[in-house]
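Please open the model in a viewer and follow the stops below in order. Each stop suggests a selection and then states what is found there.

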Amino acid sequence: MAAPRTYGSLEGVQLYGKVDSTPLYDSPITPADILTKDALKFVVLLHRTFNSTRKELLENRQKVQAKLDKGEKLTFLPETKYIRDDPNWKCKAPAPGLTDRRAEITGPPERKMVVNALNTDVYTYMTDFEDSCSPTWSNIIYGQVNLYDALRDQIDFTLPATGKSYKVKKEGRNPPTIIVRPRGWHMVESHVTVDGEPISASLFDFGLYFFHNARQLLDNGVGPYFYLPKMEHWLEAKLWNDVFNVAQDALAIPRGTISATVLIETLPISYQLNEVLYALRDHSAGLNCGRWDYMFSTIKRLRNDPKHILPDRGLVTMKVPFMTNYVKQLIKVCHQRGVHAMGGMAATIPIKNDAERNAKAMQAVHDDKLREVLAGHDGTWIAHPALAPIALEVFNKHMPTPNQLHKIPVYDREVTEEDLVDTNIDGFKITKDGILINIYIGLNYMEAWLQGSGCVPINHLMEDAATAEVSRLQLFSWVKHGVKLTDTGEKITKDLVVKLIDDEVAKLSPSRPNNKFDIAADCLKKEISGEVEVAEFLTDLLYPDVVTLESSPVDLDSLK
C-alpha cells in the first residue's frame, strides 16, 4: 500500500457501494483494502481537478455530431497543421516490458481470467474494465483486488464450487506485461458521488489502480501502463496527459513513468492521429486499431447520411476501403513518431466439436494476422489463449525484430479525408439473415451484460460491447433509412424489426430462467422505433440496470 498522506477533502463525497471486508477465494486482501480513505481522496482529487474539462469535451462530441447531421464533413484540423507538418518531434522510447508486443491477450479482470491470461504464451495482457467488463460494483472493485494480487504474485486460488485450483506458472517464463484499460470518458461510477454527481468512471478505475500499484510495478521492473478507449478528439488525449502528470506528481513518481496506448476506435479521432500522439508524447506507447468500435463509430457518427449505410456486418472486413485506409494512416503515423501500431482483435473461439469448421476458422485467424504483420503492425490482439500460437507463428516468421518501428511505409498516395469515409463496399447487400444475426447477438450480449458478464461467447466468437454496438446501430440505421432487403426486396421498417425482436425473445427466454431479455429487447425496440434518441453507447443505455446502490451512504470514517 502507498504511504498515507493527504490528497484532499472527502467533504461532499458519498459512497453507496458496499465495502466488503471478507476475502473472496484465497485473496489476502478485500475491497476494504482497496477503497481506503487515502485511495478515495486521491481519486476524488483527480475528479475535482478534471471533471469539468471531461464534461466540456463530451459536449464537444455532440457539437461535432450536429455538424455532421447538417452535412458538414470531418477534416484534418487546420489549427493543428503545425503538429502534423513538423517531422522532428517523436514520442518517448518504449517502456520496459513494452518493447515487444507481438501478441496481446485481452479480457476482463475476473480472477480466473486473470490467471489464464497470465499463463498464456503472449507478451502483454490488456486487462479490461471497459468493453469486456459489465461494470457492476462487484466486478469493478474485485477487479482491482485481482490486479493488486496479480502484481504481488498472490493471485493463485481455488474455486470453491469445483475445488479446482488456478495457479500462475512461474518456472522458466516471464509473465505477460499487464496493461489496464479503464472505462471511457463518457462513463460514470454511480456508486460514488462527489459534490452531488457521480464520479468519472475513467478516473475511478485509473486512480485506484495507480494509487495502489504504481510503486509495486516499478519494483517489478515495469510501470503503470494503460489503454485509453473511446476518445473522439485529441484534446481528450491531452486531458489524459494532464491526469497522468497530476497523478505522478501527487505520488512523487517521475513524470513519464506512465505509458499509454490509445485505441483508435472512433471515426472523428482518426483524423487527429498525430495530434493524439503529440498530446501524449511523454507518455505514449502507440495506437491500436479498435476495429469493431471503429465500425460502430462510423455507423453512429454518419447515421443520418444515407450515402454511408453499411451492409451485413460479415461484409465489413478489414479489406473494405474505409477500414484499410484507417489502418494505413495509423501505421504510418505511429512509425513516423516512433511508437507501436497495434493490430486488432481476433475474436474467434475454437470450435471443439467440428474439426472442419474449426480448421477454417483458425485459417481465417492466420490470414488476418498475416495481413496485419505485412501491413506493418507491431503486434496483435487475441481474445482466447488457443489463438496465441497462431498469432506468434505469423509474427515470429514475418517480424524477427521486437517491433517494426524502423519501417515507415510508403504509399502511392497519402490517405485523404475522403478515404477515411469511403464506405463503398463490393458485394453490398443487406439481408434478412443480417437482421436476424444482429438481433441475436444484440439480445444475447445485452442480456448477459445485464447479468454481470461483459465478455460473452456467441456463435464461436467472443463478443464484447463493441460488437454488440455494431448490431444495435446497424438495426437503427437500416430502419431509419428504410433500406430494402437485397434478398427479398422488403423494406426494413420498425414494425418488421420489432416483430423479429419479439420472435427472438420468445425463442431465447425458455432456455434461460430468470433472464433479462425483456429489458434488452425494450431498449432495442425503443431506439429502433424512435421513441427515444439513440444512445451514444450501449453501456450508457444499460448501466442504470446494473447499479446496486446501498440504501444509505457508507460511513467514510469506517474506511481504513
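**The whole chain**

Begin with the entire chain on display: among its contacts with a separation of 6 or more, 80% are between residues 24 or more positions apart. The model is a predicted one. A cartoon view shows 17 helices and 15 strands. The radius of gyration is 23 Å, close to the 24 Å that the globule rule gives for 560 residues, so the chain is as compact as a globular protein of that length. Along the principal axes, the C-alpha atoms fill a box of roughly 65 × 60 × 50 Å.

Next, switch on the surface. The accessible surface of the chain is about 22,100 Å², and carbon and sulfur atoms contribute 52% of that area. Of the 560 residues, 60% count as buried.

**Two domains**

Colour residues 13–310 as domain 1 and residues 432–542 as domain 2, following the domain assignment. The centres of domain 1 and domain 2, taken over C-alpha atoms, lie 27 Å apart. Where the two meet, 27 residues of domain 1 are in contact with 26 residues of domain 2.

**Two annotated stretches**

Select residues 30–82, which an unreviewed UniProt entry lists as "domain: Malate synthase N-terminal". This stretch is 74% helix and 0% strand, and its end C-alpha atoms are 50 Å apart.

Then select residues 429–545, covered in UniProt (unreviewed entry) by the annotation "domain: Malate synthase C-terminal". Here the chain is 58% helix and 5% strand, with 35 Å between the end C-alpha atoms.

**The nonpolar cores**

Which residues touch the most other members of the largest nonpolar core? Show Phe204, Phe206, Phe210, Leu228, Trp240 and Leu287 as sticks: these hold that place in a core of 128 residues. Both domain 1 (13–310) and domain 2 (432–542) supply at least three residues each to this core. Apart from it lies another core, of 37 residues, including Ile430, Trp449, Leu475 and Cys523.

Now centre the view on Trp240. Beyond its neighbours within four places in sequence, Trp240 is in contact with Pro182, Trp185, Ser202, Phe206, Leu228, Met231 and Leu280.

**Helix α7 and Asn245**

Move to helix α7, residues 234–250, and pick out Asn245 within it. Is Asn245 buried or exposed? Asn245 counts as buried because its relative accessibility is 13%, below the 20% cut-off. Leaving aside neighbours within four places in sequence, Asn245 is in contact with Arg255 and His283.

**The loop at Lys92**

Select Lys92, in the loop between α3 (81–85) and β2. Not counting residues up to four places away in sequence, Lys92 touches Gly256, Thr257, Ile258, Ser259, Arg281, Asp282, His283, Ser284, Gly338 and Val339. His283 is thus a residue to keep on display, being in contact with Asn245 and also touched by Lys92. For a distance check, draw a line from Lys92 to Pro268: their C-alpha atoms are separated by 25 Å, and the two residues are 176 apart along the chain.

**Helix α12 and its cover**

Finish with helix α12, residues 388–398. Which of its residues are buried? They are Ala388, Ile390, Ala391, Leu392, Val394 and Phe395. An α-helix has 3.6 residues a turn, so residues three or four places apart point the same way. To see what covers the buried residues of α12, add elements including β2 (103–107), α11 (355–375) and β13 (379–382).

Conventions: Residues numbered from 1 in each chain as written. Predicted model: local features only at pLDDT ≥ 70, side-chain atom pairs only at ≥ 80, totals over all residues. Heavy atoms only, no water. Core = buried A, V, L, I, M, F, W, Y, C linked by side-chain atoms within 4.5 Å. Buried < 20%, exposed > 50% of the residue type's maximum accessible area, 1.4 Å probe, protein only. Domains from an automatic or database assignment. Contact = heavy atoms within 4.5 Å. UniProt positions renumbered as here; feature names shortened; annotations may be inferred. Helix = DSSP H or I, 4+ residues; strand = E, 2+ residues; numbered from the N terminus. Rg over C-alpha atoms; globule rule 2.2 N^0.38 Å. Areas by Shrake-Rupley, 256 points an atom, 1.4 Å probe, with all protein chains shown as cover.
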